[in-house]
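Please give a plain account of the structure below. The topics wanted are helices, nonpolar cores, aromatic rings and backbone exceptions.

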Amino acid sequence: MTDGSVRVRFAPSPTGALHLGGVRTALLNWLFARHTGGRMVLRIDDTDLARSSEVHLRQILEGFRWLGLSFDEGIEEGGAFGPYRQSQRLEIYRRHLDNLIQRGLAYPCYCSAEELKAARESALKEGRTPRYPGTCRHLAPEERAAREAAGQRPVYRLRVDQDQPVVVDDLVRGRVEFAPDQLDDFVIFKSDGWPTYHFATVVDDLEMGITHVIRAEEHLSNTPRHVVLFQLLGGRVPAFAHVPMILAPDRTKLSKRHGATSVDEFRSLGFLPQALVNYCLLLGWSPGDEEEIISLDKAVARFSIDRIVKHAAVYDLRKLEWINGHYLRTMPLDKVWEYARPFFEEAGFVSPTATEAEIQAAQARLDAVRERVHTLVEAVDAVSYFYRPVTEYDPKGVRKHLQRPETADLLQEARKVLEGAESWDTATLETLYRDLIAKRGIKGGELIHPTRLALTGRTVGPGLFEVMALLGREATLDRLAQAIQYLRSQTTPSTTPTGL
């Protein structure tokens, strides 16, 4: 640390997609940095070369761009503490390893997997906590040379002489004490010449001046090793804050079997980034009141680590859908359209080269349905009858609204009235229908509900006269004609209309 300011980091491994838990952890770090005027670092933990993937890395970076979370330093932003990919920092790790070796704080270990397994089983059989027995701690230089000559490639272990508990004053969980027997001479460098997660993480946090480590609760058990490493490397131990787990509704660990969990999945299901960020914010953090819709600006102003709750957060898809529906309804239409357009294009409703008139028509139809949907996938389904012919009618709607003998004649009369409309707008269309309803002395629903079924095949949707206006004169009259033909051809109406 060079200037005393807060420095936090998020260090994903590009071995898979960016998941809900990772977004929540990154978001808490980001809010803390923004609230304190500190720096947010994106560091890529890619020392697992066999499992790391450039595809996953790009997905992670694109995921954060889509979410609207930016970083002050990282592999794209650069910075004074790079490189920001661990796979490019091997010389730094080896320099710190050499320093520990020279000071007698690290040593090579040649124990085989079979020897380590036997030692573990023996400890368990005797009721002891399994720990590395220190077999290679005191190997003579000659014995080490002999093992090297025999082609044995060592791991390197940290020499841990810990006779006192490791105490962590966690900013979320409070004072946490780890007994000395939870530590042994753990591996810090693997036989393939790469550092372990523990060593690389601590070296990077030390080199990059990280002041606060805000991470998932599952890392709490790693903390005593990290504290000891910081101390032996001669660095300042950062403040730790371990945030609660995210559980599935059945109180088990959240996984793929519970549905969507990654940013890409939520995006493909039609969730807005603002809604997903808002939802992640509420997973284990309280804004201080009952408010559930909270902007990033407001969250930055209110953020404090002491509002992170200690108990596990429970994933609730219905709540996420409710939040997403709120943003769909309240965000400016042109902004919603930015996210909706790819879905409209995929459905074939608009093309990449759509005219301005086509775009405006699509936006108007989206605007008409967004009050009643929760996702963009639902929105595309809700506007589908504007783009595709009606091929079937809702069965319940048929039984309720299309089985009256006089319905066909009523729709025929309505169609004739609409043919004479001087202009095709909601006010004119409603006036024509209200006049007909009054003339026939019927309830409004006796005409409105069958007309809605005829035009959309559905029983619910935007206001009928808005639907008419958005469909246009020709499509409205054609669909009414189709419904009339269908009714008159059926002794007992089914749900599938005949063709025009």
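In α20, the buried residues are Thr476, Leu477, Arg479, Leu480, Gln482, Ala483, Ile484, Tyr486 and Leu487. Buried stands for under 20% relative accessible area, exposed for over 50%, and partly exposed for what lies in between, with a 1.4 Å probe and protein chains only. Helices are DSSP runs of H or I with at least four residues, strands are runs of E with at least two, and both are numbered from the N terminus. The model is a predicted one, in which local features need pLDDT of at least 70 and side-chain atom pairs count only at pLDDT 80 or more, while totals for chains, interfaces and linings use all residues. Residues are numbered from 1 along each chain as its sequence is written, and side-chain values use heavy atoms, with hydrogens and water left out.

The cover over the buried residues of α20 includes α14 (376-387), α15, α16, α18 and α19; contact here means heavy atoms within 4.5 Å. The expected span of a helix is 1.5 Å times one less than its number of residues. For the 17 residues of α20 this should give 24 Å, and the end C-alpha atoms are 24 Å apart, which agrees.

Helix α16 (residues 407-419) has 13 residues and reaches 18 Å from its first C-alpha to its last, close to the expected 18 Å. Which residues of α16 are buried? They are Thr407, Ala408, Leu410, Leu411, Ala414, Arg415 and Leu418. These residues cover an arc of only 160 degrees around the axis, which puts them on the same side of α16. The arc is taken from the directions from the helix axis to the C-beta atoms. An α-helix has 3.6 residues a turn, so residues three or four places apart point the same way. The partners against which the buried residues of α16 pack are α15 (395-401), α17 (426-440), α18 (445-456), α19 (464-471) and α20 (473-489).

A nonpolar core is a set of buried Ala, Val, Leu, Ile, Met, Phe, Trp, Tyr and Cys residues joined through side-chain atoms within 4.5 Å. The largest nonpolar core has 111 residues, and the members that touch the most others are Leu20, Phe64, Leu67, Phe344, Tyr433 and Met468. Helix α1 (residues 20-36) supplies the largest share of this core, nine residues. Another core, of 35 residues, lies apart from it; among its members are Phe178, Trp194, Phe199 and Phe230. Leaving aside residues up to four places away in sequence, Phe64 touches Phe10, Leu18, Ala26, Leu42, Leu69 and Phe71.

Rings of Phe, Tyr and Trp (its six-membered ring) pair if their centres lie within 6.5 Å; planes under 30 degrees apart count as stacked, over 60 as edge-to-face and the rest as tilted. There are 15 aromatic pairs by this rule. In one of them, Tyr385 and Phe386 have ring centres 4.7 Å apart and planes at 45 degrees, so the pair is tilted. Both Tyr385 and Phe386 are buried. One aromatic cluster is formed by Phe266, Phe271, Tyr279 and Tyr315.

A charge sits over a ring if NZ of Lys or CZ of Arg is within 6 Å of the ring centre and within 35 degrees of the ring normal. Arg157 lies over the face of Tyr132, 3.7 Å from the ring centre, and the charged end of Arg365 sits over the ring of Tyr387, 4.9 Å from its centre.

Most residues other than glycine have a negative phi, and most peptide bonds are trans. Gly82 and Pro83 are joined by a cis peptide bond, with omega about 0 degrees. Pro83 is placed in the loop between α2 (54-67) and α3 (90-102). Arg251 is not a glycine, yet has a positive phi of about 70 degrees.

The table gives the accessibility of some loop residues.

| Residue | Loop | Relative accessibility |
|---|---|---|
| Arg251 | between β10 (246-247) and α8 (263-268) | 53%, exposed |
| Arg43 | between β2 (39-42) and α2 | 0%, buried |
| Asn222 | between β8 (212-216) and α7 (223-233) | 17%, buried |
| Phe81 | between α2 and α3 | 18%, buried |

Not counting residues up to four places away in sequence, Asn222 touches Tyr197, His198 and Arg215. With that exclusion, the residues touched by Arg43 include Arg9, Tyr84, Asp204 and Asp205.
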